[in-house]
Amino acid sequence: MDKKLIIANWKSHKTIGETKSFLEEFKDRIADIDLSDKEIILAPSFTSLSFCFDFIKSNSLPVKLCAQNVSSFPEGAYTGEINARQIKEFADYVIIGHSERKRYLNENENDVESKTKEAKDAGLTVIQCIQDENSEIHKNADVIAYEPPSAISTFDVGIAETPEQITKVFNDIKDRLGEKKLIYGGSVAENNIASYGAIEFCGGFLIGGASLLAESFINLLKKC
Ligand code: PGA
């Protein structure tokens with residue numbers, strides 16, 4: 001079966017200690033979840049990635065890892081950058097082109113193009129975020145995450161889209177997708193995830209604020 005991707009995007013949250021607390025609680029609750037139709041993916045900060053990797057391995061958790069960014073350059077003299085091969089040591093997925101990086105860090109489509117290529121060459125599965133139906137879809141992307149910036153919350157100020165609005169955008173872009181999977185992100189929460197899950201072509205979710213607490217993330221997993 002083609003599993004739904006349920007991705008927790010922790011953004012710039014959680015120290016290693018906080019990551020550990022989340023995982024300890026999550027590990028005890030995950031047994032209740034039916035995983036036959038979903039792939040659980042955590043996208044922690046780079047600083048928590050190796051801790052998550054070890055924890056998942058030693059506890060045999062059914063969870064994959066994702067980086068929130070990747071260098072647009074290969075290995076080399078690029079101070080502060082983390083390249084795709086380094087990420088592949090810990091993660092299978094990477095998020096590229098998030099609207100927050102475009103807004104606050106001036107990331108542009110050329111950067112997205114280079115990053116998707118670097119990631120793909122290293123064997124990572126690329127989750128490219130797009131902001132609207134006119135956004136460029138990069139050929140090296142495997143998953144397209146439709147994330148309208150107006151719906152993305154910094155905690156709970158985002159205005160969620162209706163299933164009808166999302167369906168319209170999905171229909172507008174579906175002919176440009178080829179084999180790429182389509183997922184939705186932006187204020188996904190306990191009160192809307194079931195209605196979003198019913199949307200045709202919806203292959204999963206990218207979840208920010210509501211994935212930060214283990215209890216809330218588990219509740220979302222139960223509803224999708
Ligand atoms: P949100 O974030 O769920 O907090 O709106 C989603 C995202 O930006 O990936």
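Lys-11 sits in the loop that joins strand S1 (4–9) to H1. This is a predicted model. The phi of Lys-11 is near 50°, a positive value in a residue other than glycine. Lys-11 counts as buried because its relative accessibility is 17%, and the cut-off for buried is under 20%.

Two other residues have positive phi. Phe-201 lies in the loop between helix H7 (193–197) and strand S8 (204–207). Ser-60 follows H2. Phe-201 has a relative accessibility of 37%, so Phe-201 counts as partly exposed.

| Residue | Phi | Place |
|---|---|---|
| Lys-11 | near 50° | loop between S1 and H1 |
| Ser-60 | near 45° | after H2 |
| Phe-201 | near 75° | loop between H7 and S8 |

**Helix H1**

Helix H1 covers residues 16–29, 14 residues in total. From first C-alpha to last, H1 reaches 20 Å, close to the 20 Å expected at 1.5 Å a residue. Which residues of H1 are buried? They are Thr-19, Phe-22, Leu-23 and Phe-26. These residues lie on the same side of H1, because they cover an arc of only 95° around the axis. The buried residues of H1 pack against four elements: strand S2 (38–43), helix H2 (46–58), S3 and helix H8 (214–223).

The pairing with H8 can be described in more detail. The axes of H1 and H8 are 9 Å apart, and the helices pack at an angle of about 35°. Their crossing is right-handed. H1 contributes Phe-22, Glu-25, Phe-26 and Arg-29 to the contact. H8 contributes Ala-214, Glu-215, Phe-217, Ile-218 and Leu-221.

**Helix H2**

H2 has 13 residues. H2 reaches 19 Å from its first C-alpha to its last, close to the 18 Å expected at 1.5 Å a residue. Its buried residues are Ser-48, Leu-49, Cys-52, Phe-55 and Ile-56. What do the buried residues of H2 pack against? Their partners are H1 and S3.

**Leu-65 in S3**

Leu-65 belongs to strand S3 (residues 63–67). Is Leu-65 buried or exposed? Leu-65 counts as buried, because its relative accessibility is 3%. Beyond its neighbours within four places in sequence, Leu-65 is in contact with Leu-49, Cys-52 and Ile-56, among others. Those three are also among the buried residues of H2. Further contacts of Leu-65 include Ile-41, Leu-42, Pro-44, Phe-53, Phe-90, Ala-91, Asp-92 and Tyr-93. Leu-65 and Arg-176 are 111 residues apart in sequence, and their C-alpha atoms are 27 Å apart in space.

**Nonpolar cores**

The largest nonpolar core has 56 residues. Which of them touch the most other members? They are Phe-26, Leu-42, Tyr-184, Phe-205, Ile-207 and Phe-217. H8 supplies the largest share of this core, five residues. Apart from this core lies another, of 13 residues, among them Leu-5, Ile-7, Cys-66 and Leu-206.

Several of these names recur in contacts described here. Phe-26 and Phe-217 both take part in the contact of H1 with H8. Leu-42 is in contact with Leu-65. Phe-205 is in contact with Tyr-184. Leaving aside neighbours within four places in sequence, the other contacts of Phe-205 are Leu-5, Ile-6, Ile-7, Ile-183, Val-188, Ile-193, Tyr-196, Gly-197 and Cys-224.

How values were computed: Residues numbered from 1 in each chain as written. Predicted model: local features only at pLDDT ≥ 70, side-chain atom pairs only at ≥ 80, totals over all residues. Heavy atoms only, no water. Buried < 20%, exposed > 50% of the residue type's maximum accessible area, 1.4 Å probe, protein only. Contact = heavy atoms within 4.5 Å. Expected span 1.5 Å × (residues − 1). Arc of directions from axis to C-beta. Core = buried A, V, L, I, M, F, W, Y, C linked by side-chain atoms within 4.5 Å. Axes fitted to C-alpha atoms, helices over the stretch in contact; angles between N-to-C directions. Left-handed = near helix turned anticlockwise from the far one by under 90°.
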